[in-house]
Amino acid sequence: MTTQNKKTNLFDPQIVRRAISDSFRKLDPRIQVKNPVMLVVFICAIILTIVVIVEIAGSQYSDFKFNIQIMLWLWFTVLFANFAEAIAEGRGKAQADTLRAMRKDTVARRIRNGQEEKVSASDLAIGDLVLCEAGDIIPGDGDVVEGIASVDESAITGESAPVIRESGGDRSAVTGGTRVISDRITIGITATPGQSFLDRMISMVEGAKRQQTPNERALSVLLLSLTAIFLLAVGTLKGFTTYSENASGNQSFASLTVLISLVVCLIPTTIGGLLSAIGISGMDRMLRKNVLAMSGKAVEAAGDIDVMLLDKTGTITLGNRMATSLIPVWGTSIDRLADAAQLASLPDETPEGRSIVVLAKDKYGLRGRDLPSQTRFIPFSARTRISGVDLPGRDGTMRTIRKGAIESIWNHVRSNGGLFPLELNVTAHDVARSGATPLAVAEGSEVLGLIVLKDVVKGGIRERFAELRRMGIKTIMITGDNPLTAASIAAEAGVDDFIAEATPETKLQRIRDEQSEGHLVAMIGDGTNDAPALAQSDVGVAMNTGTQAAREAGNMVDLDSNPTKLIEVVETGKQLLMTRGALTTFSIANDVSKYFAILPAMFSGLYASAGGQLGPLAALNVMGLHSPQSAVLSAVIFNALIIVALIPLALKGVKYRPLGASVILSRNLALFGLGGLIIPFVGIKLIDLLLVNFKLI
Amino acid sequence: MTNTNWQAYPGETTLSDLTQPLGLNVQNFLSAATGIAVMAALARGITGRQSSGLGNFWVDLVCSILYILLPISIIVAVILVSQGVVQNFSHYIDAKTLEGGSQILPMGPAASQVAIKQLGTNGGGFFGVNSAHPFENPTPFSNFIEYLSILIIPSALVYSFGILVNRRLHGIMLLSAMFIILFAGIGISLWSEFHVNPAIGGLPFMEGKEVRFGIFPSALWSVLTTAASNGSVNAMHDSLSPLAGLVAIFNMMLGEVVFGGVGSGVYGIVLFAILTVFIAGLMVGRTPEYLGKKIETRDVFFAVIGVLLPCAVVLILSSISLVVPGGLAGLSNKGPHGLSQVLYAFTSAANNNGSAFAGLNASTPYFTILTSIAMLLGRFGVIIPVLALSDSLGRKKYTPPSTGTFPTESSLFVILLISVIVIVGALTFFPALTLGPIIEHFLMIGGRTL
């Protein structure tokens, strides 16, 4: 379903239709009150409506054509702003509907005193144990306490491939509403009905509990103050105008309609009308990246992140260590070593074992072969730390090939009467120092050489970290490895710092230390032992495959469980703030041109010389607008249309490139600052020409 | 006390020789020192690390007087006396003029007061016509010294602020923003004074200028004194050309940002810097920070109040005065110039300048009361939000800068800061200004007078 939604166009006809009806529904004063800037426009529109009604009642039609057009465009301004918000909400609502349909009441098989009983899912309480078998819908959020099963979570993640959930470990969390496809699991319920993950997801995507984020509040204060000062600037204009009219003996064109138009044009309606749409679409963009943010505040904080904690495994390196090279002991041919290494690993199903087979094939041209039936596989055991095979050789004797940690092989060959070459010991040390793990290979009592196992850094990750550094973000790698190995991988991946031999306590402490220095820390994690660190971090992204504890502790859940997602999360957060800044700048810069449209229109009659029509202030009419009426109307129309024109930008966000702050700033300033100064001059002039052309004025 | 020093009185006739040095001069020192103390509190707020408390006002006050204001004042006063500024307690001298008439030459301890009035951006002259009076400003050299003393402390303090917050470069950036606006103002003012008046055949405006100085020093002074929130004059601003008058009014309307008052100029421009960082800083994709402090709702609120309250006061009081009889009675000119006079009066009062357009008869009870209200609001309506802001900043954590941080030490920042200052000022006052100096300018170009 999410996959479906990702494809939906920004202006899907269904969403647009719904948004249009919603924009009328939002004319409710109780909703308008929430947005003070637009409330002013709303009140102005009401006042003008009364003016127009009074004119109709009194049959005074002198300014009627002008007044009614201004009135209509003010209502449009309000509706356009409502529409922007409605369309931003629309996508979330559509998604919430599908989620809600999924939340139908299911029958749970509760186990009580060893007996299975059927109860409604809504009657489940925290701590209940329920049984789910293939085909069952999981009745509520919980952790698998027994068994292993594959679960179809496509309803939530959009991913059609089923995922494995098993008791113990870090993949135990299951979500109510998802379906078990195979096997049988027992689930301990961890959320009461109504507060489940699904419920929270519905309320988040719907924006039902949307609160203003801290930055949004600060911006609102600024916008409100600007609104107040512009109201004052226009309100006090009455005194200045009266004086000037008396002094010059001329009339100005400063009717109530014109003053109202001036107010509406000056107050920051562009950003005011789009502010909530920007916030909602930020959450929505996260969702489209399959990240479920638990609050708008978290999305915003993501933009401020300057320290990032990343797990080594799975994020920076491919999950497991891989064999990268073979080093034969002096006097042994590389082919013999490769042959032995491959034979010892063929039946070995561990990722390391498989990587040795792959290495032998890719680098030494040894194809996989069938082992003779008498072959005996000696699997790895924690006690011996050795694995290998016993197989019949060509001459009929048994070949015993072993691979394992240096110390273990040392003991192995010594007990067989062999010697461990000193030279190899030195090489092994060097390998370990470079951050890799050496494995020794022996046949019988003879040591053949080393297999070098290395953590392989993911392709392209180095560039990603360089990008982050340009964004001003410090990356810290977390790993359980020893400091030596950690340092070498950190250097190879290009992270700024690392925590070796990390424990939950050291992670938590590091986050606290960074925070006390004023940094904002993001962390991504999945396991229960990550929970404290996730809770402490400013942005904690939990993997959906993780444990319930981790999902509760984080303030975002990555439905794809992809650790590099954190980078996109940060970008979305930054985009959100940039879009607000850009539109605020644009809105304020716009005011300059509106003054040049409306003020000459109002005052060009003042101090006109005896015979002349126009006073000195007509010189300010730099756009050469047709008449006072057309000038005011054009400004009002431009003001309304620019909101619609900027809806796509508000929803998609200003494009973010990982460059330094100065570069981004100059780019956006040129675009929205300078653009905001110039565009309205062009726009207002064009509208003026159209108005005159179509004889609307 | 409010560092405005609006003079509706001519000092030599209404006040005794002792009231001036003891009553007024003390205020000259204290008000300037208060500005420095507030600035110091702001710097402590910015450098504070989750701390409360902004220092001791009395210590700051005494130190700024003892170590800054008093020594420089003494030096300047001595130089002025050497140029012939009177400094005595003599009786007024009855002198015979060359034509045989008689004239009373006022005497008194002027030099000491002139020094601090310039240095402390107070501007209240010993004599009614302020530094146009020969006993306050006798020679070109004294004129130069008085220029210099208008700017020296306010501009030096901007630099000190940079040092106090450990960002010397930031202080220099603020200073350069001020200088750019100042020079732009001087340029416009001089151009308008010298070039554009078809009515008198393109001749420069001499009426109302002190003939001993001529136009250049008069126009220069008018820009300096309004920029620096000083308010002393060496010519009557009423007689400036419309655009030069506009520059003078607009300088004050911007608030105390282009040097501004002693100390108050620093906190004035910091308020604007915070707004700049907030508006433009969002565009880099981070919660805006100013000198390592995150700018949040409270901070925006206080900054906006500090910037907009004086604007609101000017607009409301001027607008009222232009329609009520009490206000109209004070005008000496009808037409747009009358509007400029009223606008100038309240702008000057609310922005702690204290210079006057002179044409306005401001000693009526009506204007005395309203301008006093404007002065109080314009001074404390800014100081209180600034102190609240300092406190709020002081309690915050310090955020170390990174490459993702909005740069406050670059030329881009200077350009942005200037744009925000000019646009906020222009957007707020453009309607009022069009009906005053701007219309006057166009009328004059058209060769019409009213």
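In this tour, Ala, Val, Leu, Ile, Met, Phe, Trp, Tyr, Cys and Pro count as nonpolar, Asp, Glu, Lys and Arg as charged, and the others, Gly among them, as polar. Keep that in mind as you click around, and remember that this is a predicted model.

**Stop 1: the hidden space.** The whole structure holds six cavities of 30 Å³ or more. Head for the largest one, with a volume of about 180 Å³. To get there, select B:Gly255, B:Glu256, B:Gly306, B:Pro310 and B:Asn351, which are the closest to its centre among 22 lining residues. Now colour the lining by type: you should get 13 nonpolar, eight polar and one charged. Which helix gives the largest share of this lining? That's H9(B), with five residues. H10, H13 (365–394) and H14 of chain B each supply at least two as well.

**Stop 2: where the chains meet.** Show both chains and pick out the contact: 62 residues from chain B and 64 from chain A. Together the chains bury about 5200 Å², 76% of it on carbon and sulfur atoms. On the chain B side, try B:Met283, B:Leu427 and B:Leu435, which lose the most area to chain A, together 15% of what that side buries.

**Stop 3: the polar links.** Across this interface there are 11 residue pairs in polar contact, both residues at pLDDT 80 or more. Next, select H14 (411–445) of chain B; H14(B) brings 15 residues, the largest share of the side that touches chain A. That side of chain B divides into 41 nonpolar, 15 polar and six charged residues.

**Last stop.** Zoom in on B:Arg286 and A:Asp306: they form a salt bridge, with the closest N and O atoms 3.7 Å apart. The rule finds one salt bridge across the interface.

Note on methods. Residues are numbered from 1 along each chain as its sequence is written. Chains are lettered from A and ligands numbered from 1 in the order in which they are written. This is a predicted model: local features need pLDDT of at least 70, side-chain atom pairs count only at pLDDT 80 or more; totals for chains, interfaces and linings use all residues. Side-chain values use heavy atoms; hydrogens and water are left out. Contact means heavy atoms within 4.5 Å. Buried area is the accessible area (1.4 Å probe) that two parts lose on being put together, summed over both. A salt bridge is a side-chain nitrogen of Lys or Arg within 4 Å of a carboxyl oxygen of Asp or Glu. A polar contact is a pair of N or O atoms within 3.5 Å; within protein, one must be able to donate a hydrogen and the other to accept it, and residues adjacent in sequence count only if both atoms are side-chain atoms. Helices (H or I, at least four residues) and strands (E, at least two) are DSSP runs, numbered from the N terminus. On a 1 Å grid over the protein atoms alone, a cavity is a set of points where a 1.4 Å probe fits but cannot get out, and a pocket is an open set with protein on both sides within 12 Å along at least five of seven lines; lining residues have an atom within 4 Å of a point. Grid points are joined across faces, edges and corners, and a volume is the space filled by probe spheres set on the points.
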